[in-house]
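Good morning, colleagues. Please take a moment to look at the sequence and the structure on the screen before I begin.

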Amino acid sequence: PDGSPFPVDEQPAIVALRTGRAVRDVEMGVPTLDGRLAWRLVNAQPVYSDDGELLGAVASFFDITAWKRVLEELSRFKFVTDHASDSLLLIDEAGTITYANRNACELRGYNEGALVGRSIEEVDPLYDAGRYREAFERARRERVPTFESVHRRRDGTTFPVDVTVSYVELGGKPHLFGASRDISERKRAEAERERLLASERASRAEEAWVDLNSVRILDGGLAV
């Protein structure tokens, strides 16, 4: 259904009359006074006499406008999250992953959707049930600052991440919403910077030692 006009000869009741067969679950948009579309799910059933003569058709209409809007919102949500550069997870109180976006799965070596139903312990090697409950309750009470952690890929290798968690309720059930970002490149850059600084400090210390020895030689009268 794309909002285009519905041909009369394809309407469920007409099809049921023409073919003598039931037509089920056809979505139709009905224009409203404010210019919007109200969506209906239509079923049509042919009616026969005791002698098998086709007498007509009965159509039933179910308002699915709210359901369609929910699907549209979910579709937009999925598009946005699947194109997000961060890994996004929803985790329930028991530590079970109830949602994982595309990035979360791909970065950890799983097929899309394969993380759903798994324990957070499978991707968080630092997981501890007691600490998780404490983190859950803390997120319920207050905003939790971004923190660094380590996550695990399907092959067992690990990588550093920045993690932000928030408390949310979905369908009346408490969840943690976690957004994490791979910071491997940042960590490598920091390590390289530290290596260069350490090398520079060592070089300066060596130069200072050479200068100090030069002064001692001069003091000893050995300079030419």
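I shall go from the chain as a whole to its sheet, and then to two local features.

Please bear in mind that this is a predicted model. The chain has 224 residues, of which buried residues make up 26%. It contains five helices and eight strands. Read from the N terminus, the order of elements is α-β-β-β-α-β-β-α-α-β-β-β-α. If we take the contacts between residues at least 6 apart in sequence, 37% of them join residues at least 24 apart. The exposed area of the chain is about 15200 Å², and 54% of that area comes from carbon and sulfur atoms.

Let me turn to the sheet. In which order do its five strands stand? The order is β5-β4-β8-β7-β6, in an open sheet with antiparallel pairing. Strands β5, residues 97-100, and β6, residues 147-152, each have a single partner strand, so they stand at the edges and one side of each is left without a neighbour in the sheet. From one strand to the next, the twist averages 35 degrees. As a general reminder, strands of a sheet pair through backbone hydrogen bonds, in either a parallel or an antiparallel manner.

Within this sheet, I would draw your attention to β7, residues 158-170, and β8, residues 173-182. These two strands run antiparallel and are joined by ten bridges. As a point of reference on the screen, V161 stands opposite D182 in β8.

Which helix lies across β4, β7 and β8? That is helix α4, residues 129-141. Its direction is at about 100 degrees to that of β8, while β4 itself covers residues 87-92.

I come now to the local features, beginning with D25. This residue lies in strand β1, which spans residues 23-31. Its phi is near 55 degrees, a positive value in a residue other than glycine. Most residues other than glycine have a negative phi. Is D25 buried or exposed? It counts as exposed, because its relative accessibility is 53% and the cut-off for exposed is over 50%.

The second local feature is a nonpolar surface patch of about 410 Å². V8, I14, L17, Y48 and L54 make up this patch. Of these residues, let me single out L54, which lies in strand β3, residues 54-63. L54 has a relative accessible area of 32% and is therefore partly exposed.

With that, I conclude, and I thank you for your attention.

Technical notes: Residues numbered from 1 in each chain as written. Predicted model: local features only at pLDDT ≥ 70, side-chain atom pairs only at ≥ 80, totals over all residues. Heavy atoms only, no water. Helix = DSSP H or I, 4+ residues; strand = E, 2+ residues; numbered from the N terminus. Buried < 20%, exposed > 50% of the residue type's maximum accessible area, 1.4 Å probe, protein only. Contact = heavy atoms within 4.5 Å. Areas by Shrake-Rupley, 256 points an atom, 1.4 Å probe, with all protein chains shown as cover. Patch = residues over 30% accessible without salt bridge, like charges linked within 9 Å, V, L, I, M, F, W, Y side chains within 5 Å. Salt bridge = Lys/Arg side-chain N within 4 Å of Asp/Glu carboxyl O. Pairing = 2+ DSSP bridges. Axes fitted to C-alpha atoms, helices over the stretch in contact; angles between N-to-C directions.
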